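The following exercises concern a single protein chain. Please work through each task before reading its solution.

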Amino acid sequence: MSGDSKIGLQAVSGYVRTGAPRKIAGEAAAPMRAPTPALAARDSLPATRLIGLTGALADQDPTIDVSRVATLRTAIANGSYAADPAVIAKAMVQFHRGNA
């Protein structure tokens, strides 16, 4: 069947539409060009750095204050640990604002 290959999803100026494409008088079809290799490499460089940084951070052991953990465990076990909800709420707000 003639012309069936032109029916379906069509990308027109960044928008996708269905149906057969229409030609506008006086409008020439612009050739599609692939991005230049230098531009493509420059755009992927930050992503490559972020992936490398993520891997490096994942490989590091977290810093743990063993004496502080032991102190908190003892205080919780003997019932002397008291959490202050106002202090916790303030710390949470500061953290989410980026002030931590």
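A nonpolar patch is made of residues with over 30% relative accessible area and no salt bridge, and its nonpolar side chains are joined within 5 Å. The model examined here is predicted.

**Exercise 1.** Describe the secondary structure of the protein and its order along the sequence.

*Solution.* Begin with the elements: the protein has three helices and two strands. Next, place them in order; the pattern reads β-β-α-α-α.

**Exercise 2.** State what share of the residues is buried.

*Solution.* Of the 100 residues in the protein, 2% are buried. Turning to the surface, the protein exposes about 9,600 Å², and 61% of that area is supplied by carbon and sulfur atoms.

**Exercise 3.** Identify the residues that form a nonpolar patch on the surface, and classify Leu 53 by its accessibility.

*Solution.* The patch consists of Leu 50, Leu 53 and Leu 57, with about 300 Å² of accessible area together. Leu 53 belongs to helix H1, which covers residues 37-59. Partly exposed residues lie between the 20% and 50% limits of relative accessible area. Leu 53 has a relative accessibility of 47% and therefore counts as partly exposed. As a general point, an α-helix has 3.6 residues a turn, so residues three or four places apart point the same way.

**Exercise 4.** Compare the span of helix H3 with its expected value, and determine how many of its residues are buried.

*Solution.* Helix H3 comprises residues 85-97, 13 residues in number. From first C-alpha to last, H3 reaches 18 Å, close to the 18 Å expected at 1.5 Å a residue. The count of buried residues in H3 is zero, and the helix is hardly covered. After H3 comes Gly 98, with a positive phi near 90°.

Notes
Residues are numbered from 1 along each chain as its sequence is written. This is a predicted model: local features need pLDDT of at least 70, side-chain atom pairs count only at pLDDT 80 or more; totals for chains, interfaces and linings use all residues. Side-chain values use heavy atoms; hydrogens and water are left out. Patches are made of residues with over 30% relative accessible area and no salt bridge: like charges are joined within 9 Å, nonpolar side chains (Val, Leu, Ile, Met, Phe, Trp, Tyr) within 5 Å. Accessible areas come from the Shrake-Rupley method with a 1.4 Å probe; for residues, only the protein chains shown count as cover. A salt bridge is a side-chain nitrogen of Lys or Arg within 4 Å of a carboxyl oxygen of Asp or Glu. Helices (H or I, at least four residues) and strands (E, at least two) are DSSP runs, numbered from the N terminus. Buried means under 20% relative accessible area, exposed over 50%, partly exposed in between (1.4 Å probe, protein chains only). The expected span of a helix is 1.5 Å times one less than its number of residues.
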